[in-house]
Amino acid sequence: MLNITSIAIELLQKLLREKDSLHMTVTHVKLASEVDSQNLINTIENSTKDLDLLWAVSRPGIPITYLHVLYAFYQTLKAFALNKNISNKFNIEFLLRLTCEDQIAEALKIAGLSKKTKSFCLYSISSNSMALKTLFSRLTSLFKELTVNSPSCCYGNNLLMELKIGSEELASTNYQSSTLSPELKSILTRMSLLNIRK
């Protein structure tokens, strides 16, 4: 059994100091047939028990950019490192951060994990380059026809609509001295507010 807190502290330190030694992926996965989302999560959980890997899944279209995922990983690792996590499971805590929700049921609903699925985004972070390859090898043997696509299929603007981020909010985060888009700034602001509510 992995000690999530110690792994989170190690990965957080690497993220802050040795980012190049970290393996963070966003992968779009298609299955040959629909599976129950809970069965999918249980299968991935069982397949990663002995791997030095932290992961989460959602339906495609939740993250708006790769940076959104990076910051969700950062905030989740930090929450575990500081013992400020809402959930004891890394994948659930990550979804809370990714969806900017403080209620687990609402985060799962937005992430699309309350029904059957044939396509999902797998988010993983590890300091071991072989961990993700091992995971995909195991998943391929379990799900048979598994297709890995470009991560760009994962990104969309679904979350902006789900969170009701309107033009007024976007206008307030649209200043020229920033390299981040107003959409990403709004998401990051809401994500940071979870730390205050905890």
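**Group meeting: helix packing and a few residues worth a look**

Hi everyone, let me start with a serine: Ser150 is partly exposed, with a relative accessible area of 39%. You'll find Ser150 in the loop that runs between β4 (146-149) and α7 (158-162). Before I go on, please keep in mind that this is a predicted model. If you measure from Ser150 to His68, C-alpha to C-alpha, you get 17 Å in space, while the two are 82 residues apart in sequence.

Ser150 also turns up in the surroundings of a histidine, so let's go there. His28 sits in strand β1 (residues 23-36). Is His28 buried or exposed? Its relative accessible area is 5%, and under 20% counts as buried, so His28 is buried. Setting aside the neighbours within four places in sequence, His28 is in contact with Pro60, Ser119, Phe120, Cys121, Thr147, Val148, Asn149, Ser150, Cys153 and Cys154. One of these deserves a closer look on your screens: the side chains of His28 and Ser119 are joined by a polar contact of 2.8 Å.

Now for another serine, Ser124, which belongs to strand β3 (residues 116-126). Ser124 is buried, and its relative accessible area is 1%. Which side chain does the side chain of Ser124 make a polar contact with? That would be Thr25, at 2.4 Å. Again leaving out neighbours within four places in sequence, the residues in contact with Ser124 are His23, Met24, Thr25, Leu53, Leu54, Trp55, Phe73 and Leu132.

Phe73 is a handy bridge to the helices, as we'll meet this residue again in a moment. Two packed helices are described by the angle between their axes and the distance between the axes. I have three pairs to show you.

First up, α1 and α3. Helix α1 (residues 4-17) packs against α3 at an angle of about 130°, and the axes are 8 Å apart. That angle makes α1 oblique to α3. The crossing of α1 past α3 is left-handed. On the α1 side you have Ile4, Thr5, Ala8, Ile9, Leu11, Leu12, Leu15 and Leu16, and they meet Leu70, Tyr74, Leu77, Lys78, Phe80 and Ala81 of α3. Sorted by class, the residues of this contact of α1 with α3 come out as 12 nonpolar, 1 polar and 1 charged.

Next, α3 with α4. Here the angle is about 125° and the axes of α3 and α4 are 9 Å apart. So α3 is oblique to α4. This time the crossing, of α3 and α4, is right-handed. From α3 the contact takes in His68, Val69, Ala72, Phe73, Gln75, Thr76, Leu77, Ala79 and Phe80, and from α4 it takes in Phe90, Glu93, Phe94, Arg97 and Leu98. There's Phe73 again, and you may also recognise His68. The contact of α3 with α4 has 9 nonpolar, 3 polar and 2 charged residues.

And the third pair: α2 (residues 37-47) and α6 (residues 129-143), whose axes come within 10 Å and cross at roughly 135°. α2 and α6 are therefore oblique to each other, and their crossing is right-handed. The contact is built from Leu40, Thr43, Ile44 and Ser47 of α2 together with Leu135, Arg138, Leu139, Leu142 and Phe143 of α6. Those residues of the contact of α2 with α6 divide into 6 nonpolar, 2 polar and 1 charged.

Let me finish with the loops on either side of α4. Most residues other than glycine have a negative phi, and most peptide bonds are trans. With that in mind, have a look at Asn83, in the loop between α3 and α4. Asn83 is not a glycine, yet has a positive phi of about 60°. With 64% relative accessibility, Asn83 counts as exposed.

In that loop between α3 (66-81) and α4 (90-99) you'll also find Ile86. Ile86 counts as partly exposed, at 30% relative accessibility. C-alpha to C-alpha, Ile86 and Leu193 are 13 Å apart in space, and in sequence they are 107 residues apart.

Finally, Cys100 is in the loop between α4 and α5 (104-111). Cys100, not a glycine, has a positive phi of about 60°. And is Cys100 buried or exposed? Cys100 is buried, with a relative accessible area of 6%.

That's my tour, thanks for listening!

Key
Residues are numbered from 1 along each chain as its sequence is written. This is a predicted model: local features need pLDDT of at least 70, side-chain atom pairs count only at pLDDT 80 or more; totals for chains, interfaces and linings use all residues. Side-chain values use heavy atoms; hydrogens and water are left out. Axes are lines fitted to C-alpha atoms, for helices over the stretch in contact, and angles run from 0 to 180 degrees between N-to-C directions. Helices (H or I, at least four residues) and strands (E, at least two) are DSSP runs, numbered from the N terminus. Angles under 35 degrees count as roughly parallel, over 145 as roughly antiparallel, 65 to 115 as roughly perpendicular and the rest as oblique. A crossing is left-handed if the near helix is turned anticlockwise from the far one by less than a right angle, and right-handed if clockwise. Contact means heavy atoms within 4.5 Å. Ala, Val, Leu, Ile, Met, Phe, Trp, Tyr, Cys and Pro count as nonpolar, Asp, Glu, Lys and Arg as charged, and the others, Gly among them, as polar. Buried means under 20% relative accessible area, exposed over 50%, partly exposed in between (1.4 Å probe, protein chains only). A polar contact is a pair of N or O atoms within 3.5 Å; within protein, one must be able to donate a hydrogen and the other to accept it, and residues adjacent in sequence count only if both atoms are side-chain atoms.
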